[in-house]
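Visitor: Hi, I have a structure I'd like to talk through. Can you walk me around it?
Guide: Happy to. Let's put it on the screen.

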Protein chains: 2
Amino acid sequence: MATGRTHRPATRSRGIPEATVARLPLYLRALTALSERSVPTVSSEELAAAAGVNSAKLRKDFSYLGSYGTRGVGYDVEYLVYQISRELGLTQDWPVVIVGIGNLGAALANYGGFASRGFRVAALIDADPAMAGKPVAGIPVQHTDDLERIIQDNGVSIGVIATPAGAAQPVCDRLVAAGVTSILNFAPTVLNVPEGVDVRKVDLSIELQILAFHEQRKAGEEAAADGALPPAGAAARKAAQADQGPDGAAPAVMPA
Amino acid sequence: MATGRTHRPATRSRGIPEATVARLPLYLRALTALSERSVPTVSSEELAAAAGVNSAKLRKDFSYLGSYGTRGVGYDVEYLVYQISRELGLTQDWPVVIVGIGNLGAALANYGGFASRGFRVAALIDADPAMAGKPVAGIPVQHTDDLERIIQDNGVSIGVIATPAGAAQPVCDRLVAAGVTSILNFAPTVLNVPEGVDVRKVDLSIELQILAFHEQRKAGEEAAADGALPPAGAAARKAAQADQGPDGAAPAVMPA
DNA sequence: CCATCTTTGTGCACGCGTTCACAAAGACAT
DNA sequence: ATGTCTTTGTGAACGCGTGCACAAAGATGG
């Protein structure tokens, strides 16, 4: 989403599909685990199983990066770790700022997964003056007033927004104006950004709602499949006590 | 992902595309905002802008749910809120358990977005005996030993995993065995689940790595576009001080 | 009642992503 | 050196999702 590139203009057309890019971190994680166990090589079948994807897909993904495998043997784990890291830009250091140090922001600051792969929490920023100076995860919180200076001083190009929904867009605008070109948004809002700025969003509520949709359908199907077979899961138990099936006649509001 | 349904077997083939389902919560959020402002109707164009999608896509999405619009006028906001809520299964109550009450788990428990839409945190579960009984977000933490009983007693079908990576799969197995059929996974691991169980994953590290990829490419393109135009953003500043371009000759490890 | 104007609903074409299936490539044993 | 066996890399077909563009539908004004 929000991958607003018009084309592959010049610079060499090594266009790696977006879907592939999204899987590279998955492969990298699996490979890192193998590396720690000192496994020298791995086949596409094994690695695909570890990453939870189809092996043909994995091979095609790697083919976009170049031919790094050896037929009859597989892939050299260490070499592949390096190649993927380089492709993802993880061989360099990425200073990151987190804006909005509430429950979620603090949890993110404490999250170990950040530092593990080239990402470094350069600063924590919050609008609450009472928070200023207070250390979270060993880093003192700074006030929003200094946002622009902080971005500039640290050469930050990746920002994480963990503010309430209402504050997200203004914060986003200021981050972008200060030079941030990639944003990870945890606030439940659609962010408007100029071309050239990438936004990825993480929304817990949306994920749950998608799960609820499938859950409801499972319950509906089980209920529709007659009461012959006894309900086994909690979903069936739930469906039994649900007042309204998934496709009942509209009970509440009706338009004019 | 992990939408392991073989087909639409029977029950009526009202197959709503997965991509559409993923957007429904987005529409619902925008519509709820309109509803709170007492806006009676909205056109596909306006709503699409608010949700950040193409208007044709929005209309097609709604067409899967039925014909709820009025040509020349638009959509009735209240009616649409109800229809989407019903389709997503949000007219009923979904008890949810959160397993793993560390930084992230606690933040999730405190997150207001849960309760807002039919989701209720039924229980918090952690493996640390020292946590047992301690209230988080007003809910006492219970020990992992009681996991099965808690699931059963509360009729839980949706579980949230916020444990360390190593604990995720065992916890997942126990949740599924106890009747949970939908899992939201925050642990950085691939979860193996039997057919019929849906898993959605949220991985902060992966999102950042995807951003880093695009960020690196932007920096590379800017650098390749000659030094004619002065570097404007922080990314360009960063690229200038980066030791290695995105496509330099392999410097470190090399395979045999 | 008719004409006009707005907005929906959708047929169609296009592009991306996935998967199968297989030929080419190389390791390894004899 | 040669044959066999494993595994990669990819051509090709298919299906899904997206967006254009337009006809149908209904509201609205005269």
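Visitor: How far apart are the C-alpha centres of domain 1 and domain 2 of chain A?
Guide: Those centres lie 31 Å apart. Keep in mind that this is a predicted model.

Visitor: And which residues go with which domain in chain A?
Guide: The domain assignment puts 18-88 in domain 1 and 94-205 in domain 2.

Visitor: OK, on to the DNA. Which residues are closest to DNA strand C?
Guide: Both chains take part: the closest are A:Pro17, A:Arg71, A:Gly72, B:Gly69 and B:Gly72. In total, 27 residues surround that strand.

Visitor: Which elements give two or more residues to that surface?
Guide: From chain A they are helix H1 (18-36) and helix H3 (55-65). Chain B gives helix H2 (44-51), helix H3 (55-65) and strand E3 (74-76). The largest share, five residues, comes from H3(B).

Visitor: How does the surface near strand C divide into nonpolar, polar and charged?
Guide: Its residues divide into nine nonpolar, 10 polar and eight charged.

Visitor: Now DNA strand D. Which residues are closest there?
Guide: There the closest are A:Ser63, A:Gly69, A:Gly72, B:Pro17 and B:Arg71, and 27 residues surround the strand. Chain A gives two or more residues from each of helix H2 (44-51), H3 and E3, while chain B does so from helix H1 (18-36) and H3. H3(A) provides the largest share of the surface near strand D, with five residues.

Visitor: E3 of chain A came up just now. What sheet does that strand belong to?
Guide: An open sheet of three strands in the order E1-E3-E2, with antiparallel pairing. Strand E1 (41-42) and strand E2 (69-70) of chain A are the edge strands; each has a single partner strand, so one side of each is left without a neighbour in the sheet.

Visitor: How many bridges are there between E1(A) and E3 of chain A?
Guide: Two bridges, in the antiparallel sense. If you want a spot to look at, A:Val42 stands opposite A:Tyr75 in E3(A).

Visitor: Let's switch to the two protein chains. How many residues does each give to the contact?
Guide: The contact takes 71 residues from chain A and 71 residues from chain B. On the chain A side, the largest share is 17 residues and comes from H9(A). That side divides into 39 nonpolar, 20 polar and 12 charged residues.

Visitor: What about the largest nonpolar core, which members touch the most others?
Guide: A:Ile98 and B:Ile98 do, in a core of 137 residues. Leaving out residues up to four places away in sequence, A:Ile98 touches A:Gly105, A:Leu108, A:Ala109, A:Val121, A:Leu124, A:Val160 and A:Ala162.

Visitor: Last topic, backbone oddities. Which residue has a positive phi of about 60 degrees although it is not a glycine?
Guide: That is A:Ser38, in the loop between H1 and E1 of chain A. For background, most residues other than glycine have a negative phi.

Visitor: Is A:Ser38 buried or exposed?
Guide: Exposed, because A:Ser38 has just 8 other C-beta atoms within 10 Å, and 12 or fewer counts as exposed.

Visitor: And what is the phi of A:Ala137?
Guide: Positive as well, at about 55 degrees, although A:Ala137 is not a glycine. A:Ala137 is in the loop between strand E6 (135-136) and strand E7 (139-143) of chain A. With 19 C-beta neighbours inside 10 Å, A:Ala137 counts as partly exposed.

Note on methods: Residues numbered from 1 in each chain as written. Chains lettered and ligands numbered in written order. Predicted model: local features only at pLDDT ≥ 70, side-chain atom pairs only at ≥ 80, totals over all residues. Near = placed C-beta within 6 Å. Helix = DSSP H or I, 4+ residues; strand = E, 2+ residues; numbered from the N terminus. Nonpolar A, V, L, I, M, F, W, Y, C, P; charged D, E, K, R; others polar. Pairing = 2+ DSSP bridges. Contact = placed C-beta atoms within 7 Å. Core = buried A, V, L, I, M, F, W, Y, C linked by C-beta atoms within 7 Å. Buried ≥ 20, exposed ≤ 12 C-beta atoms within 10 Å, placed from the backbone. Domains from an automatic or database assignment.
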